[in-house]
Amino acid sequence: MSRTLLHVKERTIHAALFASALVSVVTTLGIVWVLFQESIAFFSHVSPVEFFFGTRWAPMFEPRSYGVLPLIGGTVLVAGGALFFAVPIGLASSIYLSEYASPWVRSILKPVLEVLAGIPTVVYGYFALTFVTPYVLRPLFPQTEIFNAASAALVVGVMIIPTISSLCDDAFRAVPRSLREAAYALSATRLEVSTRVVVPAAMSGVVAAVLLALARAIGETMAVALAAGMTPKLTLNPLTSVQTLTGYIVQVSLGDTPAGTIEYQTIFAVGLTLFLITLAINLIAQRVLHHFREAYE
Amino acid sequence: MTWCEIPISHKDLFIPRIERRRRLGHWFALGCMLFSLIGLAILGILIVRVLWEGATWVTTNFLTNFPSVLSPETAGIKSALWGSIWLIGITALVSVPIGVAAAVYLEEYAPHNRLTGFIHLNINNLAGVPSIVYGILGLAVFVRWCRLDRSVLAGALTLSLLVLPVIIIASREALLAVPKSFRLAAYALGATKWQTVRSHVLPAALPGIMTGIILAVSRAIGEAAPLIMIGALTYVAFVPQGPLDAFTALPVQIYDWSDRPQPEFQHLAAAGIIVLLGILLPMNAIAVVVRAWQQRKKAW
């Protein structure tokens, strides 16, 4: 092959690879463009003040009302419940994995946690609806409704345990051995080394892990759509039916809503809210990771 | 003043209490171990429960019949199974070349400038965007704007965008792990950049890239939310013949059945889950094994 031809080939390949990398940028632009375009149409009908501060969500029936707070309340109830359940378990299992477990136990437990992360969310939804509510929650709290925030929160919690434990495990293992050995030399016990040396040293990783898990819980859709119900309301009672941002989007897309109507536009306004919340959490998580990382050596 | 004259109250004395601290440590270790077994236990309960509810419903008729609302006893997943196969085939064809190419660009070609930094940040953020937001994108762009309607192609393109960050991030890590000496050796023999990448770097990174691809595909198989967004939840009693046909998929069918209160449909949902997990769990296991094998035999 002549030199020029080779050169042309190299240039073409370089351009093709660059174009592939740009697909991700185009995707982001596409998401932002789509969400904003339809949301602007929505906000020409409904004032942003009513949308963001209204406490009643009823876009489908008269008298219509477009306050998104009940959907955010439902999302916070489910995601908060999931964290309440998943943070202690995820943290404890990552401490166990990185500080206590033998390589053999580790080689079993880590893949099992990954399998837990690989189970489709619709399966967790089925599990919440047909097992958690009737066989776990109802015997304990007979007043539990068929659709309830607690069952959704529990299965979403199970779903995000692997996120927390594997990111924390990575962070703990990045703490240099010398720190642990210095503490052991001062006759600290393993508990003290774990909780007073390793965890504080890896704090940025722990915080980032919890934030990423929170973003996942907020964006989680199928389990919540199946188990949490379709009743948008502001409540702190996890045993009743609520609706989340994602649950509402699913509910509308199940019906046949024609494009251009205000019901259709609510999908995009709610989607935009969801996108901005998760984006903010993800950005904060990445900042925490990069700017508060304890640099050793 | 000698040291012994310093007044020390009994309260300030350091008491090691080593026995107590050790005992506390044992309890803590036990607690951590039990907590990390919770995940294992829940996985076990979930699988036993699904098998208990659905095992007897997984028959050859279940695999070869179409779904039916009127007679759940003879309903099956033929259209959902084929829909999923179509979806995954197209998704893999679209996302794997683009994803690997993007990773190669970012690791091997990209200059260290602001644009590259932005692309990195952008991919990390895309990985955290909820799947349903991709569904909204697919609905607006592929279904309405490109007029693909509720077709297999629209679904597959949506899923491709969804799994792209997974493939890129895994492939980048695999490329990053290939030592610099591989590249320098190829350059020293007069290879061009692309020859170096194609014949030396990519083969060395292949196991890691494969792991990423398997995990990405298994994520695409289990996704229901974006497909429901683009309208996959309709009654489909045929197998797609081409990329522009309407479709349903396994997780969407499972959602539909789970949402119906009658017990027959709960059994059908469980049977569908058995088939879905029967495909996914071996795939995940392969990915884990490939990675473990690769970490062990690293020759460099």
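The paragraphs below walk through chain A as a whole and then through selected helices and residues of chains A and B. The model is predicted, so local features need pLDDT of at least 70 and side-chain atom pairs count only at pLDDT 80 or more, while totals for chains, interfaces and linings use all residues. Residues are numbered from 1 along each chain as its sequence is written, chains are lettered from A and ligands numbered from 1 in the order in which they are written, and side-chain values use heavy atoms, with hydrogens and water left out.

A good place to begin is the overall make-up of chain A. Its secondary structure consists of 12 helices and two strands, where helices (H or I, at least four residues) and strands (E, at least two) are DSSP runs numbered from the N terminus. Read from the N terminus, the order is α-α-β-β-α-α-α-α-α-α-α-α-α-α. The C-alpha trace of chain A spans about 75 × 70 × 35 Å along its principal axes. Of the 297 residues in chain A, 55% are buried, a term that means under 20% relative accessible area, with exposed meaning over 50% and partly exposed in between (1.4 Å probe, protein chains only). Contact means heavy atoms within 4.5 Å; among contacts in chain A between residues at least 6 apart in sequence, 69% link residues at least 24 apart.

The surface and the charges come next. Chain A exposes about 12900 Å², and 68% of this area comes from carbon and sulfur atoms; accessible areas are obtained by the Shrake-Rupley method with a 1.4 Å probe, and for residues only the protein chains shown count as cover. There are 17 positive and 16 negative side chains in chain A, with the centres of the two sets 7 Å apart. Here Lys and Arg count as positive and Asp and Glu as negative, while His and the chain ends are not counted. Each charge is placed at NZ of Lys, CZ of Arg, CG of Asp or CD of Glu.

Helix H6 of chain A covers residues 149-173. Its 25 residues should span 36 Å at 1.5 Å a residue, and the end C-alpha atoms are 35 Å apart, which agrees; the expected span is 1.5 Å times one less than the number of residues. H6(A) has a kink of about 35 degrees at Ile160(A), shortly before the proline Pro162(A). The bend at a residue is the angle between axes fitted to the seven residues ending there and the seven starting there. In H6(A), 20 of the 25 residues are buried.

Two residues of this helix give a closer view. Ala153(A), in H6 of chain A, counts as buried because its relative accessibility is 7%. Beyond residues up to four places away in sequence, Ala153(A) touches Val78(A), Gly81(A) and Ala82(A). Ser165(A) also lies in H6 of chain A and is buried, with a relative accessible area of 1%. With the same sequence neighbours set aside, Ser165(A) touches Gly90(A), Ser93(A), Ser94(A) and Leu113(A).

In chain B, helix H6 (residues 152-176) has 25 residues and reaches 35 Å between its end C-alpha atoms, close to the expected 36 Å. H6(B) bends by about 40 degrees at Val163(B), with the proline Pro165(B) following within four residues, and 18 of its 25 residues are buried. Ala269(B), in helix H11 (residues 263-297) of chain B, is buried at a relative accessible area of 0%. Leaving aside neighbours within four places in sequence, Ala269(B) contacts Tyr126(A), Ile254(B), Trp257(B) and Ser258(B).
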